[in-house]
Amino acid sequence: MQNLKLPDKLPPLDLLASFEAAARHLSFTRAAAERFVTQSAMSRQMRALEDDLGVALFTRSHRALALTADGQRLFTACTSALGTLRGAVRDIRTPTRREVLALTTTPGFAALWLIPRLAGFTRSHPGVDVRLDATFDNRNLAADGFDLAIRFAKIGKIPGATRLFDEALQPVCSPRLLSDNEHPLREPADLARHPLLHIEMDNDVGGMPMEWEPWLTAMGLADLQPAARLSFTNYAEAIAAALAGHGVAMGRRPLVDALLKSGQLVAPFAGEAASARGYYIVTDPAARARPAVRALEQWLVAQAAAAVPAATAA
């Protein structure tokens, strides 16, 4: 490729936006769906951008797409620039000048822990609104227009993140199951007479559900076979089934602590198992300059400290 253009002449912004999507997904097909064009049109756009710059941005193989060194450099620049543009457009389009904070997290954390508390933040911060995105997708904060994320991740795997709390595992169920004299729940082995409720994961192929495995192993019941298995697409659905008395769910504490405290759920057995995961706040560096974003960070940390006793949190 030979580039005879002025070195600092920008390519069309539309090509750069398409490139950012393709580089983020490392898939022309997914980027094309996001940009509402065909896969072939996306491929032509990337060829046009490479011709404009005079360098290759991607290495292409039959089943994989990767960024070259030049592509990675451009992707970093596009992520930052487009994030700044989106923030400015968002502010300009807000006629009442109310500040909107965009937060993304998992559906289970949102439904069971965050939403019951969130009104407290908006009450104490008039003029600040929160846009909550509950999804399993790992959003790119700057590129997708988010200020903060609460990630469910392996302990210590997100450098620079602010830790909220770790997770402990303990089976939970409706109080009605404890009054079932025909199928009592007096010891962990009694789970063999009840349905286990769990989240469907790719690794659950015929064996024990992944979220149950640490606790059952700790109890010496790694080979336990339940009466049935009911799987769900997200954790809030599994807890709803437990509340309805349809089986026993693996309680992720402190997410289910409010339901345990109110008596809507009970823990039939003593004993928790430590989880390898916890909850962390990740904040876009540019967004942290805004006082409202820092206020939401501090509020989340304070809420977590109040929800989890200091000894447990440590």
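**Exercise 1. Work out whether Ala143 is buried or exposed, and find what surrounds it.**

Step 1: Start with the cut-offs: buried is under 20% relative accessible area, exposed is over 50%, and partly exposed is in between, using a 1.4 Å probe and protein chains only. Ala143 has 3% relative accessibility, so it counts as buried.

A quick word on what you're looking at: this is a predicted model, where local features need pLDDT of at least 70, side-chain atom pairs count only at pLDDT 80 or more, and totals for chains, interfaces and linings use all residues. Residues are numbered from 1 along each chain as its sequence is written, and side-chain values use heavy atoms, with hydrogens and water left out.

Step 2: Place Ala143 in helix H6, residues 141-144. Helices here are DSSP runs (H or I, at least four residues), numbered from the N terminus.

Step 3: Look for contacts, meaning heavy atoms within 4.5 Å. Setting aside residues up to four places away in sequence, Ala143 touches Glu20, Arg24, Thr79 and Arg86.

**Exercise 2. Do the same for Ser18: is it buried or exposed?**

Step 1: Find Ser18 in helix H1.

Step 2: Read off its relative accessibility of 1%, so Ser18 counts as buried.

Step 3: List the contacts of Ser18, again leaving aside neighbours within four places in sequence: Arg35, Met42, Gln45 and Met46.

**Exercise 3. Describe how helix H5 packs against helix H9.**

Step 1: Take the axes as lines fitted to C-alpha atoms over the stretch in contact, with angles from 0 to 180 degrees between N-to-C directions. H5 (residues 107-124) and H9 (residues 235-243) pack at about 50°, and their axes are 7 Å apart.

Step 2: Name the arrangement. Under 35 degrees is roughly parallel, over 145 roughly antiparallel, 65 to 115 roughly perpendicular, and the rest oblique; that makes H5 oblique to H9.

Step 3: Pick out the residues: Gly108, Ala111 and Leu112 in H5 meet Tyr235, Ala236 and Ile239 in H9. By class, this contact has five nonpolar residues, one polar and no charged. (Nonpolar covers Ala, Val, Leu, Ile, Met, Phe, Trp, Tyr, Cys and Pro; charged covers Asp, Glu, Lys and Arg; the others, Gly among them, are polar.)

**Exercise 4. Find which helix gives the largest share of the lining of the second largest pocket.**

Step 1: Gather the helices that each supply at least two lining residues: H1 (13-25), H3 (39-53) and H4 (69-92).

Step 2: Pick the top contributor: H4, with eight residues.

Step 3: Sort the lining by class, and you get 15 nonpolar, one polar and six charged residues.
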